[in-house]
Amino acid sequence: MNEILIPAKPDLVQARLDWLDGLARERRLSPLTVDAYERDTRQFLLFLTSHLGGPPGISDVADLQSADLRAFLTQRRGDGAGARTLGRGMAGLRSFLRFLERRGLANAATASAMRTPKQPKSLPKPLTATDAIRVVSAGEQLAEEPWIAARNAAVLTLLYGAGLRISEALGLPAGALTGREQTLRITGKGGKTRMVPVLVAAQQAVAEYRRLCPYHLSPEGPLFRGARGGPLQPAIVQREMQRMRAALGLPDTATPHALRHSFATHLLGRGGDLRTIQELLGHASLSTTQIYTGVDSARLLDIYQSAHPRR
């Protein structure tokens with residue numbers, strides 16, 4: 001950091017240095033985060049110099065109004081900064097002002113009350129159909145004990161085959177899926193209940209797990225058990241998925257939740273309509289489901305750009 005280039009009065013320059021040093025040494029933020037906060041606050045001080053007609057000091061920062069902060073965001077947006085950059089910039093400013101507030105030098109209330117620019121929804125990252133099928137296959141599981149391999153395959157099959165959240169799959173009672181049920185009643189977020197179809201592959205995966213499971217599965221108890229017989233924890237499934245990513249050469253985005261994304265994306269790609277997918281996923285709003293249209297459009301564009309002879 002070259003503080004000589006910072007147009008600010010000595011008291012503000014020193015306070016900013018102390019804050020950045022504390023971020024690195026005491027809060028142990030990553031060097032990349034500290035560098036980003038340094039850059040964002042430097043840009044803010046450059047803006048203040050022009051905005052106020054001279055280098056700012058701590059007293060100027062202490063007197064900041066919401067209009068000053070809005071003017072800064074407007075300028076940054078005009079320079080091409082996106083919502084994520086603006087949001088990070090405001091986070092850095094809030095942190096710096098709270099640091100000054102703890103020293104009795106400023107009031108962070110104005111910055112804290114500012115609404116962070118709305119962040120764009122990031123597109124889900126589904127697996128390809130081929131990779132998803134490999135992940136849920138019993139033959140690809142890495143667990144040494146056959147019943148645990150069968151358990152993992154059954155859980156992952158429900159995530160991909162029925163679009164369940166991991167909490168929904170692990171929350172199933174042992175009384176569920178005991179026969180050839182074609183539908184499964186799921187209670188999801190907010191206590192909302194939905195019916196989801198159960199594929200034959202899912203029925204078979206659960207039946208194989210039941211056959212091999214060494215523990216008594218009472219109807220009222222949990223269906224999926226950990227190695228010692230207690231309820232299976234999400235972290236175990238996530239860890240197994242991490243091992244499979246390494247073994248199968250899958251990207252870091254291949255998580256248990258990505259199987260739910262894959263369920264929705266692959267249905268949409270095969271002609272499923274959004275309303276039906278909304279019901280299957282248990283989304284309260286159709287706008288939440290519509291994000292998958294962006295995924296499918298992006299996939300089609302990638303195929304077009306890679307396959308068109310005039311690319």
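What share of the 311 residues in the protein is made up of buried residues? In this predicted model, buried residues account for 44% of the 311 residues. The chain is arranged into 15 helices and 2 strands, and its accessible surface comes to about 16,900 Å², of which 53% belongs to carbon and sulfur atoms. When contacts between residues at least 6 apart in sequence are considered, 61% of them join residues at least 24 apart.

Confidence in the prediction was examined alongside these overall values. The mean pLDDT of the protein is 86, and 90% of its residues reach 70 or more. Confidence is lowest in helix α15, which spans residues 291–307 and has a mean of 58, whereas the highest value, a mean of 96, belongs to helix α8.

The interior was then described in terms of its nonpolar cores. In soluble globular proteins, nonpolar side chains tend to be buried together. The largest nonpolar core of this model contains 54 residues, and those with the most contacts inside it are V135, L156, Y209, F224 and L259. Helix α8, formed by residues 146–162, supplies the largest share of this core, namely 11 residues. Apart from this core lies another, made up of 32 residues, with L48, A81, L100 and A111 among them. Within the largest core, the surroundings of L259 can be listed in full: when residues up to four places away in sequence are not counted, L259 touches L127, A132, V135, L156, L159, Y160 and M241.

Charged side chains were considered next, and the structure holds 10 salt bridges. One of these joins R134 to D131, with the closest N and O atoms 3.6 Å apart. Both residues lie in helix α7, which covers residues 129–136, and they are 3 residues apart, about one turn of the helix. R134 has a relative accessible area of 30%, and is therefore classed as partly exposed.

A comparable arrangement is found in helix α11 (residues 234–248), where E240 and R243 are likewise placed 3 residues apart, about one turn of the helix. These two residues form a salt bridge in which the closest N and O atoms are 3.2 Å apart. E240 is classed as buried because its relative accessible area is 12%, under the cut-off of 20%, while R243, with a relative accessible area of 38%, is partly exposed. Elsewhere, salt bridges that share partners join R16, E38 and R42 into one network.

Are the two partners in the salt bridge between E168 and R165 buried or exposed? The side chains of E168 and R165 meet at 2.5 Å, N to O. E168 is buried, with a relative accessible area of 6%, and R165 is also buried, with a relative accessible area of 11%. Both residues are classed in this way because buried means under 20% relative accessible area.

A final local feature concerns T49, which is found in helix α2, a segment running from residue 31 to residue 52. The side chain of T49 reaches the backbone oxygen of L45 at 2.9 Å. Leaving aside neighbours within four places in sequence, T49 is in contact with P7, G54, P55 and P56.

Methods: Residues numbered from 1 in each chain as written. Predicted model: local features only at pLDDT ≥ 70, side-chain atom pairs only at ≥ 80, totals over all residues. Heavy atoms only, no water. Core = buried A, V, L, I, M, F, W, Y, C linked by side-chain atoms within 4.5 Å. Buried < 20%, exposed > 50% of the residue type's maximum accessible area, 1.4 Å probe, protein only. Helix = DSSP H or I, 4+ residues; strand = E, 2+ residues; numbered from the N terminus. Contact = heavy atoms within 4.5 Å. Areas by Shrake-Rupley, 256 points an atom, 1.4 Å probe, with all protein chains shown as cover. Salt bridge = Lys/Arg side-chain N within 4 Å of Asp/Glu carboxyl O. Polar contact = N/O pair within 3.5 Å; in protein donor to acceptor, adjacent residues only side chain to side chain. pLDDT = per-residue confidence, 0-100.
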